[in-house]
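Visitor: I would like to learn how to read a model like this one, feature by feature. Where should we begin?

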Amino acid sequence: MPSKAEGPRARKVPQRPGDRIFAGASTGAGVLILVVLAGVAAFLLVEAWPALVAPAEDIPGGEGLAVYIWPLLFGTLLSAVFALLIAAPLAVAIALFVTYYAPRRVAQVLGYVIDLLAAVPSIVYGLWGFNQLAPLTVEPTSWLAEHLGFIPFFAGPPSATGRTMLVAILVLAVMILPIITAVVREAFLQTPRLHEEAALALGATRWEMIRMAVLPFGRSSIIGASMLGLGRALGETMAVAIVLSVSGGVTFNLISTGNPGTIAANLALQFPESTGLSVNTLIASGLVLFALTLIVNMAARAVIERRKEFSGAN
């Protein structure tokens with residue numbers, strides 16, 4: 001008998017022209033994304049270089065590039081992280097309600113509404129926050145400053161206009177809530193039906209079935225959706241620029257008139273009137289935001305890869 005090595009080689013299945021075209025187009029799209037990403041990084045680095053090597057006294061503010069960018073970076077992280085802490089649990093709860101608790105017709109309507117809210121322009125959220133939400137927070141923030149002023153977040157004195165970091169956080173949370181909810185809801189819908197039926201057959205309640213079968217399956221999607229929402233919050237421009245009354249500085253006080261700005265909003269407000277080295281300084285802050293979002297996405301990918309074997313991602 002001829003050995004397996006001496007046997008006839010397995011013939012390759014010929015690919016159809018459509019398969020080859022699709023494979024080439026997919027590969028080209030992936031390479032194009034990397035090229036565009038590298039081009040953006042190179043552009044930001046080249047344009048920011050004069051500000052990176054400029055003397056401290058030539059930078060706007062006269063105290064150096066790091067001192068100029070740090071309050072903006074702090075405000076960006078503060079608003080985005082707090083918005084994510086508010087939106088992510090609500091998004092998971094809404095997705096569970098729509099998928100497992102709401103009647104079918106109500107679930108369909110809510111699904112359409114969630115998808116539509118994800119497409120609302122950010123300037124609409126900003127106008128809503130400025131005209132409606134900010135005035136409504138004046139009295140509650142006064143109560144917070146009076147009774148919970150010992151907490152740094154509510155130290156006060158409260159703003160009389162309501163254009164505070166707290167309102168900006170709430171607007172960002174409302175903005176990213178539909179995005180996270182839509183992604184998580186689709187992940188929950190992909191949970192294997194046999195897993196759910198097996199848990200129920202063993203005597204589990206609906207919540208126990210969700211806790212043992214649905215949430216572990218969708219854990220990676222929850223993390224990915226949360227990082228997607230965090231990226232949206234980090235780069236949000238017009239909503240924060242409309243709502244927030246910026247005074248500069250670094251503070252954890254969310255209800256006072258002293259609010260740190262964000263990088264994206266500062267770019268939108270300052271870029272039209274800037275010239276010379278001021279433009280390079282703004283682009284340098286954009287480079288920091290670019291690096292921050294890249295780090296967030298890389299960290300999210302690493303977390304998803306670590307949790308893959310314990311969830312439904314595989």
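Guide: Begin with a single residue and place it in the fold: Arg163 is found in the loop between helix 5 and helix 6. Keep in mind throughout that this is a predicted model.

Visitor: Is Arg163 buried, partly exposed or exposed?

Guide: Burial is read from relative accessible area, with under 20% counted as buried and over 50% as exposed. Arg163 has 26% relative accessibility, so it counts as partly exposed.

Visitor: Which residues does Arg163 touch, leaving out those up to four places away in sequence?

Guide: The list is Phe130, Ala134, Ala241, Ile242, Val243, Leu244, Ser245 and Asn259. There is also a polar interaction to look for: the side chain of Arg163 reaches the backbone oxygen of Ile242 at 3.1 Å. As for distance along the chain and in space, Arg163 and Val81 are 82 residues apart in sequence, with 19 Å between their C-alpha atoms.

Visitor: How do I check the length of a helix, for example helix 4?

Guide: Compare the expected span with the distance between the end C-alpha atoms. Helix 4 covers residues 122-136, and its 15 residues should span 21 Å at 1.5 Å a residue; the ends are 20 Å apart, which agrees.

Visitor: Where is the kink in helix 4 centred?

Guide: The kink is centred on Gly129 and amounts to about 40°.

Visitor: Which residues of helix 4 are buried?

Guide: The general idea comes before the list. An α-helix has 3.6 residues a turn, so residues three or four places apart point the same way. In helix 4 the buried residues are Ser122, Tyr125, Gly126, Gly129, Leu133 and Ala134. Gly129 is thus both the centre of the kink and one of the buried residues.

Visitor: What do the buried residues of helix 4 pack against?

Guide: Their partners are helix 3 (104-117), helix 5 (138-147), helix 6 (165-189), helix 9 (219-234) and helix 10 (238-243).

Visitor: Which members of the largest nonpolar core touch the most other members?

Guide: Val171, Ile180 and Phe188 do, in a core of 73 residues. Helix 2 (residues 65-101) gives the largest share of this core, 17 residues. Apart from it lies another core of five residues, including Val98, Ala102, Ile114 and Ala182. To see one hub in detail, take Val171: leaving out residues up to four places away in sequence, it touches Tyr125, Trp128, Gly129, Leu133, Ala239 and Val243.

Visitor: What about a polar residue, Ser226: is it buried or exposed?

Guide: Ser226 is in helix 9. At 9% relative accessibility, Ser226 counts as buried. Its side chain reaches the backbone oxygen of Ile222 at 2.8 Å. Beyond its neighbours within four places in sequence, Ser226 is in contact with Leu84, Ala88 and Ile180. Ile180 is also one of the core residues that touch the most other members.

Visitor: Which residues does the UniProt annotation "transmembrane region" cover?

Guide: An annotation comes from a record, so set it beside the coordinates as a separate source and note that it may be inferred rather than shown by experiment. The unreviewed UniProt entry lists 21-45, 65-97, 109-128, 165-184, 237-257 and 277-300. In the model, residues 277-300 are 100% helix and 0% strand, with end C-alpha atoms 35 Å apart. Residues 237-257 are 29% helix and 0% strand, and their ends are 20 Å apart. The same kind of record gives "domain: ABC transmembrane type-1" for residues 73-300, a span that is 74% helix and 0% strand.

Visitor: Where does Ser247 lie?

Guide: Ser247 lies in the loop between helix 10 and helix 11 (263-270). With 49% relative accessibility, Ser247 counts as partly exposed. Outside its neighbours within four places in sequence, Ser247 is in contact with Thr257, Gly258 and Asn259. Asn259 is also among the residues that Arg163 touches.

Visitor: And Pro103: is it buried or exposed?

Guide: Pro103 is exposed, with a relative accessible area of 52%. Its place is in the loop between helix 2 and helix 3.

Notes
Residues numbered from 1 in each chain as written. Predicted model: local features only at pLDDT ≥ 70, side-chain atom pairs only at ≥ 80, totals over all residues. Heavy atoms only, no water. Helix = DSSP H or I, 4+ residues; strand = E, 2+ residues; numbered from the N terminus. Expected span 1.5 Å × (residues − 1). Bend = angle between axes of the 7 residues up to and from the residue. Buried < 20%, exposed > 50% of the residue type's maximum accessible area, 1.4 Å probe, protein only. Contact = heavy atoms within 4.5 Å. Core = buried A, V, L, I, M, F, W, Y, C linked by side-chain atoms within 4.5 Å. Polar contact = N/O pair within 3.5 Å; in protein donor to acceptor, adjacent residues only side chain to side chain.
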